[in-house]
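Colleague: I'm new to this one and would like to learn how to read it. Could you walk me through a couple of features?

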Amino acid sequence: AGVPIVPGFQDDSADDPAYLQAADQIGYPVIIKAAAGGGGKGMRIVRSSIELIDAMAAARRESQHAFSDDRIFLEKYIEHGRHIEIQIIADTHGNTVHLFERECSIQRRHQKIIEESPSPLLTPEIRTQMGAAAVAAAQAVGYVNAGTVEFIADQGGDFYFLEMNTRLQVEHPVTELVTGVDLAKLQIRIAAGEPLPFTQAELTQRGHAIECRVYAEDAPAGFLPAVGPILLASEPQGPGIRVDAGVVTGDEVTLHYDPMIAKLIVYAESRTDAIQRMKSALGEYVILGVTTNIEFLQAVIDHPAFAAGELSTDFITDHLTPWQVTDEQVPDTALIVAALGELQSMPQQHSQAASDDADQFSPWNRTDSFRMGRS
């Protein structure tokens, strides 16, 4: 279809010597990927032939465990690459368009944690080329409905096809905010047989959107999953702030689910303003009872390299490894809210005396995210 692809090798019947030969031809470093999966599972970066056989065996074991399929393939590993994806949507009447790009380079363990649109890397010319390549890929397979064509780009702007996600992705809100298109609603209309209500020429980007994935995980401990009850979930609110959450106060995070518990998305007229809005929103997001990555997200957003748009899939390794939480005292307001929540959960006989004379309109008798100094 004319879509640029990264050099690679896949042959399910090939033995290890064949993979060694292919890796030599591709040139190290190479990356091993699970053919049946995603989300970083089964992926290994290999920098020499000495490491390849053991790395392939480990990748096969992880892929078999995660996807019940141990098939793998090799690709050339693009050093300091940028992960950029194009949102496409197609109807059953032969119309396919793209809704521009999302930069998803901020990752840990090959899993995205921050996405934004537009990408700080792309020029109008590269954006047009990448969008056209994504549309060509979708049309080549007769694709219908929403999907995402993912590319890896080097720092010079050359890009290569990675994969296509044939679904609506986690980061779709940033596209919705900069284009004004409700992708979920549009999916339903396309599934009902309706044609796309716009052409490519009618689509534009406006402003800047950033999404942070809030995970129940311990970032200083190597991003280990965290579990526990949600004693309080107080979401930030205000113009240009959107929260798509999967938990509320009283829920419990267990080991049986993905650690992502919410998405925090902000929109502003410029990237600089969007960064400032995200800083503020992260500072107002309170989750008590389970460890989250909110402070780590703050560290990324606040980093000078992020502000400068100097992104890559190695960003966290290069700039924030190792990383530790700053030793700051827990704010008094957080302690007060936690205490109120504990008081509310006490047996009736222990709290009856306090509640008899309570003013029902007093903020001190509510656990509804009241904060001192704020309306």
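Modeller: Sure, let's begin with handedness: a crossing is left-handed if the near helix is turned anticlockwise from the far one by less than a right angle, and right-handed if clockwise. Keep in mind that this is a predicted model. Here, H6 passes H7 in a left-handed crossing.

Colleague: How do people describe a pair of helices like that in general?

Modeller: Two packed helices are described by the angle between their axes and the distance between the axes. In this model, helix H6 (residues 271–284) and helix H7 (residues 294–301) have axes that come within 10 Å and cross at roughly 160°. Angles over 145 degrees count as roughly antiparallel, so that is how H6 and H7 run relative to each other.

Colleague: Which residues in H6 and H7 meet?

Modeller: From H6 you have Ile275, Met278, Lys279, Leu282 and Gly283, and they meet Ile294, Leu297, Gln298 and Ile301 in H7. That contact is made up of six nonpolar residues, two polar and one charged.

Colleague: Now a single residue, please. Is Tyr143 buried or exposed?

Modeller: Buried means under 20% relative accessible area. Tyr143 has 15%, so it is buried. You'll find Tyr143 in the loop between helix H3 (124–140) and strand S8 (145–153).

Colleague: What is Tyr143 in contact with, leaving aside its neighbours within four places in sequence?

Modeller: Ile88, Ala90, Ala138, Met164, Thr166 and Arg167. Take Thr166: it is 23 residues from Tyr143 in sequence, with 8.6 Å between their C-alpha atoms. The side chain of Tyr143 also reaches the backbone oxygen of Ala146, at 2.6 Å.

Terms used:
Residues are numbered from 1 along each chain as its sequence is written. This is a predicted model: local features need pLDDT of at least 70, side-chain atom pairs count only at pLDDT 80 or more; totals for chains, interfaces and linings use all residues. Side-chain values use heavy atoms; hydrogens and water are left out. Helices (H or I, at least four residues) and strands (E, at least two) are DSSP runs, numbered from the N terminus. Buried means under 20% relative accessible area, exposed over 50%, partly exposed in between (1.4 Å probe, protein chains only). Contact means heavy atoms within 4.5 Å. A polar contact is a pair of N or O atoms within 3.5 Å; within protein, one must be able to donate a hydrogen and the other to accept it, and residues adjacent in sequence count only if both atoms are side-chain atoms. Axes are lines fitted to C-alpha atoms, for helices over the stretch in contact, and angles run from 0 to 180 degrees between N-to-C directions. Angles under 35 degrees count as roughly parallel, over 145 as roughly antiparallel, 65 to 115 as roughly perpendicular and the rest as oblique. Ala, Val, Leu, Ile, Met, Phe, Trp, Tyr, Cys and Pro count as nonpolar, Asp, Glu, Lys and Arg as charged, and the others, Gly among them, as polar.
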